[in-house]
2 protein chains.
Amino acid sequence: MEFRQLRYFIAVAETGSISAASRQVNVAQPALTRQVRLLEEDLGTRLLERHARGVSLTVAGQALYDEAVQLLDTRTRIRTRLASLGQGLIGKVSLGVTVTHLWVPEVASLLRRYRDRYPQVAFEVFPLLSGPQLERLREGSLDAGILYLDGGE
Amino acid sequence: MEFRQLRYFIAVAETGSISAASRQVNVAQPALTRQVRLLEEDLGTRLLERHARGVSLTVAGQALYDEAVQLLDTRTRIRTRLASLGQGLIGKVSLGVTVTHLWVPEVASLLRRYRDRYPQVAFEVFPLLSGPQLERLREGSLDAGILYLDGGE
DNA sequence: TTCTCTTACGGGGGGCGTAACGATG
DNA sequence: CATCGTTACGCCCCCCGTAAGAGAA
């Protein structure tokens, strides 16, 4: 069972015809015949009833159609979500800030501007001393920190 | 995004290493490097951070991992469901029966035995005269019928 | 005869494996 | 130097398109 086969099968199910489906998905008609057959062999189940005029779905075919539509929808949903995540438009940032810096106006306005620009990014701000921040940055539980650094770090 | 790529990626995510994953899925290690790279290009997102010792997931990678597990689970669920459906172990049967035949003991016991044998098959029994049954059998809204037939049918 | 699905066959893209390379602790 | 990920390259499978075949209205 491959996404491509499901896409073809959905077209066949919705048009009630392998020929019509082949035009819809821009693939030669024998290719669809073959992929549907392979899908049936893979699932061990007849999915279509072939008539002289087009095809109709078996019970199993109807069930697969419903599932396949959901499956492809899920795939596009994942795509869009990952695209946003990858661009940093959504996500989560864990930020350490020393207590003293929390009250610095520049820091507060920086956070505010970031929130305005990327409203889908969740912020977790941890008030922490510089030492613990460094430790958590190293172990990855913080993404960034505003803190005092010794010269050597 | 293909099922195969998701399967590979899940193995990589769970082992934290492309090499280890390649042994787990019985595929040469460069093939996994390539498929993961193709998956990243396809989604337009970095999924892994490569270190000298293995790999770790980016935020997008973690998100994809969760979704991918569900997606593959869904696929196997569909497989098993369709397998049962294809064997007639579950499904629905629409049956027409003439009112007179409903009271024939043989008919009642036939239905009872069928129900016992295939408890997952839902029955819809329609009390119908022979004429309407024939009509609905032809249009497909009935799967079978118990009725009187003229000689020519 | 026409519309449909199926079968046959040859070409091409892509996935995989082997081998060589690069980087890091 | 051992281990891991990447790059290079050739083979082969499989998907596709074209062409021909079969069956039903």
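Here is a short tour of chain A, from its fold to its surface and charges.

Keep in mind that this is a predicted model. Chain A holds seven helices and five strands. If you walk along the sequence, they come in the order α-α-α-β-β-α-β-α-α-β-α-β. The chain is more spread out than a compact globule, because its radius of gyration is 27 Å, well over the 15 Å that the globule rule gives for 153 residues. The C-alpha trace tells you about its outline too: along the principal axes it spans about 80 × 30 × 25 Å.

How is the chain divided up? The domain assignment gives two pieces, listed here.

| Domain of chain A | Residues |
|---|---|
| domain 1 | 3-85 |
| domain 2 | 91-146 |

Taken over C-alpha atoms, the centres of domain 1 and domain 2 of chain A sit 48 Å apart.

Now for what touches what. Look at the contacts in chain A with a separation of 6 or more: 57% of them link residues that are 24 or more positions apart. As for burial, 37% of the 153 residues in chain A are buried.

Then there's the outside. Chain A has an accessible surface of about 9,000 Å², and carbon and sulfur atoms account for 52% of that. On the charge side, chain A carries 19 positive and 17 negative charges. The mean positions of these two sets of charges are 8 Å apart.

Notes
Residues numbered from 1 in each chain as written. Chains lettered and ligands numbered in written order. Predicted model: local features only at pLDDT ≥ 70, side-chain atom pairs only at ≥ 80, totals over all residues. Heavy atoms only, no water. Helix = DSSP H or I, 4+ residues; strand = E, 2+ residues; numbered from the N terminus. Rg over C-alpha atoms; globule rule 2.2 N^0.38 Å. Buried < 20%, exposed > 50% of the residue type's maximum accessible area, 1.4 Å probe, protein only. Contact = heavy atoms within 4.5 Å. Areas by Shrake-Rupley, 256 points an atom, 1.4 Å probe, with all protein chains shown as cover. Lys, Arg positive; Asp, Glu negative; His and termini not counted. Charge placed at Lys NZ, Arg CZ, Asp CG, Glu CD. Domains from an automatic or database assignment.
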